[in-house]
Amino acid sequence: MELRLSSALAWRGVGSALAQRLLQAALVALLVGTLCFFMTRMLPGDMAYRIAAGRYGYDMVTTAAADAVRLELGLDRPWLAALAEWWGRLLQFDLGVSQVTAQPVTLEIARQLGPTVNLSLLAMLFSLLVGPLLGVLAGLNPGGLLDRLTLGVSVVLRALPSFLLGLVLVLVFSVKLGVLPAAGHDDHGSMVLPALTLALGMAAVSCRVARDAMVQVRGSAYFAFALTKGLSMRQALLRHGLRNVAAPVVAYLGVQLVYLVEGVVLVETIFAWPGIGHALVHAIFSRDVPMIQGTALVLGLMFVLFNALVDTACAFIDPRRRV
Amino acid sequence: MSTQSLSPDIVIDAPPARRFGRAQLAGMVLLGAIGLFALFGPWLVGIDPARQQLERFLEHPSLAHPLGFDQLGRDMLARLAHGARLSLALAAVSVLSAAIPGTLLGLLAAWRGGWLERVLAAFADAVLALPGLLLVLLLTAFTPGGFWPLYVGISLALWVEYFRVVRAASRILLASPHVEAARLLGFGPTHIVRRHLLPELLPRLFTLMRFGFAGAVLAMSALGFVGVGLQPPTPELGVMMIELLPYYGEAPWLIGAPVLTLFLTLLGLLLLAPEREVA
């Protein structure tokens with residue numbers, strides 16, 4: 001009975017957090033959609049001519065054809081009406097057609113989403129394996145060799161932007177040692193370097209967060225009591241310590257998601273990883289507005305979704321946040 | 001001093017806490033050196049960073065040209081100095097144009113409350129819904145290669161932090177007894193903000209500015225590096241890195257120069273943090 005009650009409370013807390021995330025998702029769509037609408041309006045040249053040229057070929061465009069397109073697509077209407085229609089189509093998940101490949105944007109994104117999600121998840125997994133583990137070990141002996149070493153490495157990694165870190169990793173592992181592929185997307189080996197680039201940047205921070213949490217746990221009364229009542233260090237850590245270290249680490253993951261999503265764009269571009277971030281940068285090169293809108297939208301929504309997952313995880317690690 | 005040596009157990013005169021830690025001093029020296037280089041470097045070197053002497057391409061460093069020449073025979077030190085100036089100037093300008101309106105709007109929202117606060121908060125939430133770099137990328141898509149979308153995008157992404165932090169802190173401060181007393185004594189808003197709010201807010205604003213400055217330098221060079229920021233032949237750090245990458249085997253010092261400049265700038269900003277924030 002009591003258990004049911006507490007888990008119902010948990011879901012209520014999570015529910016209100018998720019409602020906020022839904023609102024955030026709507027804001028992402030509104031922001032990206034509006035910006036991209038004005039982007040189409042500000043492209044140089046006459047839009048009706050451009051679309052007519054795309055349809056009939058550049059030598060076949062006449063004023064009559066352009067006017068027909070203008071009438072058909074309603075390009076002559078005031079911009080507020082056009083903006084309303086743009087939003088309407090966005091609401092129906094109609095993202096339009098890529099102006100470069102002439103394929104529906106949703107189809108393109110469906111192909112690129114997999115690599116991006118795989119890369120982000122692997123990066124997060126790497127960072128959670130390395131960072132908090134080293135942090136806990138460093139926190140067990142603050143001021144010790146490992147603590148000072150991880151502090152130094154973490155400061156250097158945090159001052160090294162992700163695209164330079166990727167470059168360093170390529171130079172070491174691909175060029176000098178020749179053990180991992182530098183770019184591309186053929187087998188599983190090619191995912192290691194981009195994922196490692198993202199993961200090291202995140203681990204540099206989560207390691208210090210875990211270390212500080214561990215130092216605090218060691219100084220706490222409940223930990224001292226666990227040791228006094230006869231638990232071994234290992235038992236006390238597993239039963240009382242780790243959950244309290246996990247809470248700030250997971251909460252901080254929410255902050256790190258910004259780094260992850262921004263990093264995905266840069267790292268995918270550098271490693272020619274065929275994901276959404278790579279597609280976004282190339283859509284900007286070629287001024288392919290439907291693709292810019294689609295990819296930015298999906299990246300933004302991915303950011304919101306990961307945030308929602310972190311919220312949920314926080315609520316289940318720390319019972320105090322469930323109310 | 002003498003009281004300490006009398007009884008080691010009870011420290012009456014605690015030694016005055018050092019104002020700056022060692023890491024902070026190192027950060028200040030680093031940033032000071034880079035700042036001076038950016039400010040006076042272009043003038044001291046005195047060579048046009050766009051002047052090509054194609055016959056001298058990839059020439060090794062010499063006394064007259066300490067960093068040699070790049071792949072198009074342009075003086076590398078001149079390009080580096082101009083690149084550092086560009087990065088720091090953009091960062092300084094966008095941090096200022098984010099911090100000043102952000103702080104003022106935060107104060108206004110906390111002071112006035114009501115619909116004004118709600119509208120501003122909703123706008124801030126909309127900007128924060130996207131990671132900052134995505135917002136900057138979307139704005140650069142309007143006019144690729146321009147300076148203005150970078151500046152506007154970075155400032156737009158940054159002001160939200162100031163607004164939120166200032167609003168949250170000011171709301172608590174404005175409700176506190178000492179501000180209430182000042183208000184009852186008849187002091188006006190300017191006096192209360194200057195005497196009671198700003199001293200509390202400044203350390204937090206300083207932290208935000210450090211992060212904002214690093215973010216701006218980083219965003220500019222990252223976009224230049226992947227090719228959607230400023231375009232060649234602009235001497236920008238990220239653009240220089242990607243241009244010189246193919247020559248890293250023959251002339252590692254060329255790509256090393258902008259990489260090291262960027263790294264030391266970010267390291268300096270990181271070290272500038274008060275002791276407890278670094279750890």
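1. Confidence in chain B. This is a predicted model, and chain B has a mean pLDDT of 85. In chain B, 92% of the residues reach 70 or more. The confidence varies by helix. Helix α3 (residues 76-112) of chain B has the highest mean, at 93. Helix α1 (residues 2-6) of chain B has the lowest, at a mean of 39.

2. The start of chain B. Look at residues 1-12 of chain B. Their pLDDT is below 50. Beyond near neighbours in sequence, this stretch has four contacts in the model.

3. Scores for the model. The ipTM is 0.81. The pTM is 0.84.

4. Elements of chain B. What is chain B built from, helices or strands? Chain B has eleven helices and zero strands. Read from the N terminus, the elements run α-α-α-α-α-α-α-α-α-α-α.

5. Overall form of chain B. Chain B has 279 residues, and its radius of gyration is 24 Å. A compact globule with that number of residues would come out near 19 Å. Along the principal axes, the C-alpha atoms of chain B fill a box of roughly 75 × 60 × 30 Å.

6. Packing within chain B. Of the 279 residues of chain B, 41% count as buried. Now take the contacts in chain B between residues at least 6 apart in sequence. Of these, 65% join residues at least 24 apart.

7. Where the chains meet. How many residues does each chain bring to the contact? Chain A gives 33 residues and chain B gives 27 residues. On the side of chain A that touches chain B, six helices are worth finding in the structure: α1 (2-42), α6 (145-159), α7 (162-176), α10 (233-270), α11 (276-285) and α12 (289-317) of chain A each supply at least two residues. Which of them gives the largest share? That is α1(A), with eight residues.

8. Make-up of the chain A side. By class, the side of chain A that touches chain B has 27 nonpolar residues. Three polar and three charged residues complete this side.

9. The nonpolar core. The largest nonpolar core has 153 residues. Which residues touch the most other members? They are Leu280(A) and Leu137(B). In soluble globular proteins, nonpolar side chains tend to be buried together.

10. A closer look at Leu280(A). Set aside its neighbours within four places in sequence. Leu280(A) is then in contact with Val265(A), Ile292(A), Thr295(A), Ala296(A) and Leu299(A). Leu280(A) also contacts Leu137(B), a residue of chain B.

How values were computed. Residues numbered from 1 in each chain as written. Chains lettered and ligands numbered in written order. Predicted model: local features only at pLDDT ≥ 70, side-chain atom pairs only at ≥ 80, totals over all residues. Contact = placed C-beta atoms within 7 Å. Helix = DSSP H or I, 4+ residues; strand = E, 2+ residues; numbered from the N terminus. Nonpolar A, V, L, I, M, F, W, Y, C, P; charged D, E, K, R; others polar. pLDDT = per-residue confidence, 0-100. Core = buried A, V, L, I, M, F, W, Y, C linked by C-beta atoms within 7 Å. Buried ≥ 20, exposed ≤ 12 C-beta atoms within 10 Å, placed from the backbone. Rg over C-alpha atoms; globule rule 2.2 N^0.38 Å.
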